[in-house]
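Colleague: I am new to this structure and would like to start small. Could you pick one spot, look at it closely, and then lead me outwards from there?

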Amino acid sequence: MTDVSQRARDLLGRLLHGHGVVARITEVEAYGGIDDPASHAFVRTPRSEIMYGPPWRLYVYRIHGHHAANVVTGPTERAAAVLIRAGEIVEGIDVARERRGPVADEALARGPGNLTKALGITSLDLGTDLLDPEPVSLGERVESPEIAAGPRVGVRLNADLPWRFWVAGDPTVSTYRRHPRA
DNA sequence: TTCTGGATGCTT
DNA sequence: AGCATCCAGAAT
């Protein structure tokens with residue numbers, strides 16, 4: 001059975017193309033949908049409806065004035081998705097630098113909000129089929145990395161579930177922060 | 001219409 | 001450890 005945590009691990013080392021920039025995914029989090037209180041799909045609302053649709057589509061949500069990008073993974077009735085938390089820019093680094101301003105290269109796509117900014121992903125990309133080449137798409141897997149796992153960042157519910165996965169030792173991975181009330 | 005609380009990021 | 005920031009969902 002390929003549950004959402006396995007789908008999350010499989011996304012590590014894959015390329016994500018967004019508006020002229022390509023990132024190698026280095027950090028993800030799995031959200032289990034109907035069984036996971038931390039998932040937006042735990043309550044079915046207009047916002048979470050996209051996760052009840054076909055897999056390999058892009059779910060973009062806004063939080064604290066930032067965007068966050070998720071891959072809807074299915075199976076459809078479970079409404080699971082994987083949050084893309086960080087990556088290494090491997091193409092279009094000049095464009096990414098322009099979008100992000102003066103930060104170190106390894107920090108260009110460190111954190112969900114920073115990654116979407118570097119790749120130019122906004123709410124306009126909501127629902128994009130990631131198997132189509134434009135405007136946002138998943139590419140090939142360029143490495144099979146050593147994977148580390150731990151609790152998800154900033155979630156209050158299911159705070160100890162180790163569903164955050166990252167490329168071990170990679171400098172572009174964000175730092176762990178527990179939810180204050182978790 | 002108003003209130004509450006974050007799947008954040010940056011500064012101190 | 002604090003705060004800027006802002007929308008979705010829930011309460012009223």
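**From one loop residue to the DNA**

Modeller: Happily! Let's begin at T73, which touches V4, R7, P55, A80, A81 and V82 when residues up to four places away in sequence are not counted. Please keep in mind as we go that this is a predicted model. T73 has its place in the loop between β4 and β5. Is T73 buried or exposed? With a relative accessible area of 2%, T73 is buried, because anything under 20% counts as buried.

The two strands beside that loop take us to the largest pocket. β4 (66-72) and β5 (81-91) each give two or more residues to its lining, as do β2 (21-31), β3 (58-63) and α3 (112-119). Which element gives the most to this lining? β4 does, with four residues. The pocket holds about 1000 Å³ of space. Its lining is made up of 36 residues, and those nearest the centre are Y61, I63, R85, V153 and G154. Sorted by class, the lining has 16 nonpolar, 13 polar and seven charged residues.

Some of these elements turn up again beside DNA strand B. At least two residues of the surface near this strand come from each of β3, β4, β5 and α3. Here α3 is the element that gives the most, with three residues. In total, 22 residues surround DNA strand B, and the closest are Y61, N70, G113, R177 and H179. Y61 is worth a second glance, as it is one of the residues nearest the centre of the pocket and one of those closest to DNA strand B. By class, the residues near this strand divide into eight nonpolar, nine polar and five charged.

Which parts of DNA strand B come up to the protein? Of its atoms within 4 Å of the protein, 48% belong to sugar or phosphate, and the rest belong to bases. Polar contacts with the bases can be picked out one by one. In Y61, a polar side-chain atom lies 2.8 Å from a base nitrogen of DNA strand B. The side chain of N70 has an N or O atom 2.5 Å from a base nitrogen of that strand. For R177, an N or O atom of the side chain is 2.8 Å from a base nitrogen of DNA strand B.

DNA strand C has its own set of neighbours: V43, T45, R47, R62, H64 and G65 surround it. Of the atoms of DNA strand C that come within 4 Å of the protein, sugar and phosphate account for 92%. Two side chains show what such contacts look like. T45 places a polar side-chain atom 2.2 Å from a phosphate oxygen of DNA strand C. In R47, a side-chain N or O atom is 3.2 Å from a sugar or linking oxygen of the strand. The surface near DNA strand C has one nonpolar, three polar and two charged residues.

Now back to α3, which lines the pocket and also faces DNA strand B. How much of α3 is covered? Six of its eight residues are buried, namely P112, G113, L115, T116, A118 and L119. Their cover includes β1 (14-18), β2, β4, β5 and α2 (93-100). Just after α3 comes G120, with a positive phi of about 70°.

Further along, in the loop between α3 and β6 (136-141), we meet T128. T128 is buried, with a relative accessible area of 10%. Its side chain reaches the backbone oxygen of D125 at 2.6 Å. Leaving aside neighbours within four places in sequence, T128 is in contact with W56, R57, L58, E134, P135 and V136. T128 and Y59 are 69 residues apart in sequence, yet their C-alpha atoms are 8.0 Å apart in space.

One last stop is S39, in the loop between β2 and β3. At 5% relative accessibility, S39 counts as buried. A polar atom of its side chain lies 3.0 Å from the backbone nitrogen of A41. Beyond residues up to four places away in sequence, S39 touches Y31, G32 and G33.

Note on methods
Residues are numbered from 1 along each chain as its sequence is written. Chains are lettered from A and ligands numbered from 1 in the order in which they are written. This is a predicted model: local features need pLDDT of at least 70, side-chain atom pairs count only at pLDDT 80 or more; totals for chains, interfaces and linings use all residues. Side-chain values use heavy atoms; hydrogens and water are left out. On a 1 Å grid over the protein atoms alone, a cavity is a set of points where a 1.4 Å probe fits but cannot get out, and a pocket is an open set with protein on both sides within 12 Å along at least five of seven lines; lining residues have an atom within 4 Å of a point. Grid points are joined across faces, edges and corners, and a volume is the space filled by probe spheres set on the points. Ala, Val, Leu, Ile, Met, Phe, Trp, Tyr, Cys and Pro count as nonpolar, Asp, Glu, Lys and Arg as charged, and the others, Gly among them, as polar. A residue is near a molecule or strand if one of its heavy atoms lies within 4 Å of it. A polar contact is a pair of N or O atoms within 3.5 Å; within protein, one must be able to donate a hydrogen and the other to accept it, and residues adjacent in sequence count only if both atoms are side-chain atoms. Buried means under 20% relative accessible area, exposed over 50%, partly exposed in between (1.4 Å probe, protein chains only). Contact means heavy atoms within 4.5 Å.
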